[in-house]
Amino acid sequence: RPPEKPEPPPQPRLVVSDITIEAMATVLAANPRGVLVAWDELSGWIGSLGRYSRGGVDSSSAHWLSMFNAKPIIVDRKTGDRRTIVIPRACVSIAGGIQASIVIRLFEARHREDGMAARCLFAYPPRRTVVWNDSQLEPAMLAEVESLIDKLFELNPDRLGNGDVQPQTVTLSAEALALWIAFYNEH
């Protein structure tokens, strides 16, 4: 008799790109810490909202809006081994670039009304003359960022009674909270 087919090992992921909500649910089920959706051109992500909708109903936007706050999502599929995927804390961050001249055109009225546009934090550096530069990030700054990421990965997730894992909630220090409040009030 041939041996039984083994279960595929979990695939740890930190970053994804062009992904549907159904595929995101599968990725998040194996990565309870959450993932980063990295788009070189955010216009591709914005344009994908509602890409697979039927009759003009866009359920993907609602899921992306829920993921902004790490809220639960439930995805039901017609096919596959797991027809229903429940993610209790769908934690997803999205990062990428977009030209200022096309932001307004891409964020249609529905995205302004449903809060999608309000969930975006735009960073727009001042214009400057571009010249060739071989310099890299300062080693001390790079070491701080790497240390922060290492410390976050050292956190062990909480184990629930049924054996599932749940990411730990990391809160801001008093100093960080004061800086966030000042930033929030200014903007």
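**View 1. Alanine 95 is partly exposed in this predicted model.** Alanine 95 has a relative accessible area of 35%, which makes it partly exposed because that class lies between buried, under 20%, and exposed, over 50% (1.4 Å probe, protein chains only). Accessible areas come from the Shrake-Rupley method with a 1.4 Å probe, and for residues only the protein chains shown count as cover. The residue is found in strand β5. Helices (H or I, at least four residues) and strands (E, at least two) are DSSP runs, numbered from the N terminus. Which residues touch alanine 95, leaving aside its neighbours within four places in sequence? They are Leu36, Val37, Ala38, Trp39 and Leu42, where contact means heavy atoms within 4.5 Å. Valine 37 is 58 residues away from alanine 95 in sequence, and their C-alpha atoms are 6.3 Å apart in space.

Residues are numbered from 1 along each chain as its sequence is written, and side-chain values use heavy atoms, with hydrogens and water left out. The model is predicted: local features need pLDDT of at least 70, side-chain atom pairs count only at pLDDT 80 or more, and totals for chains, interfaces and linings use all residues.

**View 2. Three strands make an open sheet.** The order is β1-β2-β5, and the pairing is parallel. Residues 15–16 form β1 and residues 92–97 form β5; these are the edge strands, each pairing on one side only. Two strands pair if DSSP finds at least two bridges between them. How many bridges link β2 and β5? Strand β2, residues 35–41, pairs with β5 over six bridges in the parallel sense. Strands of a sheet pair through backbone hydrogen bonds, either parallel or antiparallel. Helix α1, residues 21–30, lies across β1, β2 and β5. The helix runs at about 140° to β2. Axes are lines fitted to C-alpha atoms, for helices over the stretch in contact, and angles run from 0 to 180 degrees between N-to-C directions.

**View 3. Glutamate 41 lies in strand β2.** This is the strand that holds glutamate 41, and glycine 97 in β5 stands opposite the residue. Is glutamate 41 buried or partly exposed? Glutamate 41 is partly exposed, with a relative accessible area of 34%. Leaving aside its neighbours within four places in sequence, glutamate 41 is in contact with Gly97 and Gln99. Glutamine 99 is 58 residues away along the chain, and the two C-alpha atoms are separated by 8.6 Å.

**View 4. Strands β3 and β4 pair in the antiparallel sense.** The pair, residues 73–76 for β3 and 84–87 for β4, is joined over four bridges. Aspartate 76 stands opposite threonine 84 in β4. Valine 75 has isoleucine 85 as its bridge partner. In a regular strand the side chains alternate between the two faces of the sheet. Along β3, Ile73 and Val75 form the covered face, while Ile74 and Asp76 form the uncovered one. Along β4, Ile85 and Ile87 point to one face and are buried. Thr84 and Val86 point to the other face and are not buried.

**View 5. Alanine 70 has a positive phi.** The value is near 55°, in a residue other than glycine. Most residues other than glycine have a negative phi, and most peptide bonds are trans. Where is alanine 70 found? The residue sits in the loop between α3 (59–68) and β3. Alanine 70 is buried, with a relative accessible area of 19%.

**View 6. Eight residues are listed here as a nonpolar surface patch: Leu14, Val15, Leu137, Met141, Leu142, Val145, Ile149 and Phe153.** The patch covers about 700 Å². Patches are made of residues with over 30% relative accessible area and no salt bridge: like charges are joined within 9 Å, nonpolar side chains (Val, Leu, Ile, Met, Phe, Trp, Tyr) within 5 Å. A salt bridge is a side-chain nitrogen of Lys or Arg within 4 Å of a carboxyl oxygen of Asp or Glu. Which helix gives the most to the nonpolar patch? Helix α6, residues 139–154, does, with five residues. Leucine 142 lies in this helix, α6. Leucine 142 is partly exposed, at a relative accessible area of 38%.

**View 7. The whole chain holds seven helices and seven strands.** From the N terminus on, the elements run β-α-β-α-α-β-β-β-α-α-α-β-β-α. The C-alpha atoms fill a box of roughly 70 × 45 × 35 Å, taken along the principal axes. Of the 187 residues, 22% count as buried. The chain exposes about 14600 Å², and carbon and sulfur atoms supply 56% of it.
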